Amino acid sequence: QLQPRHEKKMATKDERCPESQGSTKKAKLSETHKLTYGNEVGLVNSWNEWDQLEEIIVGTASLAVIPPVEPAFEMKVKDSGKLELLAAGGYRTAHSIKAANDQLQHFVELLEGEGVTVRRPDDSIDFNQSVKTPDFEVPRQNTSACPRDLLLTLGNEMIEATMSWRSRFFEYRPYRGVLNEYYKRDPAMLWTCAPKPLMRDNLYRADYPQDYGPANKALVRDHVYLTSEEEPIFDAADIMRFGKDMFVHMGFTTNNGGYEWLRRHAATRGIRAHQLHFPDDMCPFHCDATFVPLRPYLAMENPSRPMEPLERQMFLDNDWKLITAAQPSTMDMPPLSQCSPWLCMNVLSLSDKVIFCEESEKGMIELFNDQGFDTITLPFRNVFEFGGSFHCTTADVRRRGQMKSYFKALDAAEAAAPKV
């Protein structure tokens, strides 16, 4: 069995990237017109989930709140006891925020020790504020712990997702500073905001069953979910990137309109988009605890949420090996967590040889070691309350490598298709 990796000596904050840390000094009025854009071409570049990681955004739990009840909220939480705790609302406890931030900081230090540049969102955004638009109102918001839910990187482009919950409508705000900086430093960086939804009541099916009963199962198996097709919506965490191909997890947080926007947009970049469905998952939220690529031609699937057989066959026809995730170390989750124990699958690849994994997930660690991976293990369960694990709490900025195809059969079909 592989031994734990040794942590490298940490670079100081100034040594890492002094120009990227952001000065608190205000520019003199006479100097503002002299602003020039940088020439760091390639600063933003990430095509898949496994190339060597060089720069990443890691979220923060600061000023996080318990989100308000929204469509699908009760179904996602499932536990009536948890619902009573969550109904209290307001800020999450100072203890839980500190505990999560301590583990996030340890994660940051390990990443930096591996030579990765780490950026953080603005931690002064107060989520305990109501939001009112002409179309909806919520008493408070959520958190900036999970940048993966919002940000999708396709090569040199960073896309802000529409989001699907009203409490997350303005979740882009903590990231605008770092995105604006990338835009200024990298003249090739593209910054795209997907169309913001109105999120009126007709976006959510008021009569959708949420009891995990036969009607619920029938709808999911027919690919009918809680969100309607009134307007396009998607969360970025529903997308898994495989180079020239990206796969979109369909469910409560991404509808057909959202997929179609992604498909059309990706096509302009030469990327093929495909839908994925998991008909036994009665409450489908996000892909990264259900189906996770680990390296070229190796991906991990959730044994309790099998993929549609025809969609799964596409991977087998293109020489992908699909391995079954180990069972979670425990089915108990933190009291205020809305997440499934399958967060054990929510890992982050440092490269196609090294994976970050929660230290208590012995089954997953053994599985990765059996597949030839080196694992970097650390405690992270205090972060679960805030919406995710290693993959959720990060957003790729730069991985070494370019767009490649890992689906030869699709390449052949594409080459043989009549030219339009």
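1. Let's start with Ala-61, which you'll find in the loop between strand S1 and helix H2 (73-77). Keep in mind as you look that this is a predicted model. Ala-61 has a relative accessible area of 0%, and anything under 20% is called buried, so Ala-61 counts as buried. What does Ala-61 touch, once residues up to four places away in sequence are set aside? The list is Ile-97, Ala-100, Asn-101, Leu-104, Thr-143 and Phe-386. Take Ala-100 from that list: it sits 39 residues from Ala-61 along the chain, yet the two C-alpha atoms are separated by 6.4 Å.

2. Next, have a look at Ser-96, a residue of helix H4 (residues 94-113). Is Ser-96 buried or exposed? Its relative accessible area is 9%, so it goes down as buried. Leaving out neighbours within four places in sequence, Ser-96 is in contact with Glu-385 and Phe-386. You've met Phe-386 already, as one of the residues that Ala-61 touches.

3. Now for a whole helix. H5 covers residues 176-185, and its buried residues are Val-178, Leu-179, Glu-181, Tyr-182 and Arg-185. Why do these residues end up on the same side of H5? Because the arc they cover around the axis is only 160°. And what do they pack against? Strands, it turns out: S1 (53-58), S2 (117-119), S5 (151-154), S6 (157-160), S7 (190-193) and S17 (394-399). If you're colouring the model, try H5 in one colour and those strands in another.

4. Val-41 makes a nice contrast to the buried residues. You'll find Val-41 in the loop between helix H1 (13-16) and S1. With 61% relative accessibility, Val-41 counts as exposed, because the cut-off for that word is over 50%. Val-41 still has contacts beyond its neighbours within four places in sequence: Asp-186, Pro-187 and Ala-188. How many residues apart along the chain are Val-41 and Met-189? The count is 148, while their C-alpha atoms are separated by 7.6 Å.

5. Gly-270 falls into the middle class. It belongs to the loop between helix H7 (256-267) and strand S10 (272-276), and at a relative accessible area of 27% it is partly exposed. Apart from neighbours within four places in sequence, Gly-270 is in contact with Lys-244 and Met-403. Measure along the sequence and Met-403 is 133 residues from Gly-270; in space, C-alpha to C-alpha, they are 9.3 Å apart.

6. Two residues deserve a look for their backbone angles. Met-199 is not a glycine, but its phi is positive, near 60°. You'll see Met-199 in the loop between S7 and helix H6 (214-221), and its relative accessible area of 0% makes it buried. His-286 is another non-glycine with a positive phi, of about 65°. That one is in the loop between S10 and strand S11 (291-295). Is His-286 buried or exposed? It counts as buried, at 11% relative accessibility.

7. There are holes inside, too. Searching the whole structure turns up 4 cavities of 30 Å³ or more, and the largest holds about 60 Å³ of space. Which residues line that largest cavity? They are Glu-49, Arg-148, Leu-151, Leu-152, Thr-153, Ala-236, Ile-239, Arg-241, Ala-395 and Asp-396. S5, strand S8 (239-242) and S17 each supply at least two residues of this lining, and S5 gives the most, with 3. You may remember S5 and S17 from the strands that H5's buried residues pack against. By type, the lining of the largest cavity splits into 5 nonpolar, 1 polar and 4 charged residues.

8. Finally, zoom out to the whole chain. Its secondary structure amounts to 10 helices and 17 strands. Of its 420 residues, 57% are buried. How much of the accessible surface belongs to carbon and sulfur atoms? The share is 52%, out of about 18200 Å². As for contacts, take those between residues at least 6 apart in sequence: 76% of them join residues at least 24 apart. The pair Ala-61 and Ala-100, in contact and 39 residues apart along the chain, is an example you can find for yourself.

Notes:
Residues are numbered from 1 along each chain as its sequence is written. This is a predicted model: local features need pLDDT of at least 70, side-chain atom pairs count only at pLDDT 80 or more; totals for chains, interfaces and linings use all residues. Side-chain values use heavy atoms; hydrogens and water are left out. Helices (H or I, at least four residues) and strands (E, at least two) are DSSP runs, numbered from the N terminus. Buried means under 20% relative accessible area, exposed over 50%, partly exposed in between (1.4 Å probe, protein chains only). Contact means heavy atoms within 4.5 Å. The arc is that of the directions from the helix axis to the C-beta atoms. Accessible areas come from the Shrake-Rupley method with a 1.4 Å probe; for residues, only the protein chains shown count as cover. On a 1 Å grid over the protein atoms alone, a cavity is a set of points where a 1.4 Å probe fits but cannot get out, and a pocket is an open set with protein on both sides within 12 Å along at least five of seven lines; lining residues have an atom within 4 Å of a point. Grid points are joined across faces, edges and corners, and a volume is the space filled by probe spheres set on the points. Ala, Val, Leu, Ile, Met, Phe, Trp, Tyr, Cys and Pro count as nonpolar, Asp, Glu, Lys and Arg as charged, and the others, Gly among them, as polar.
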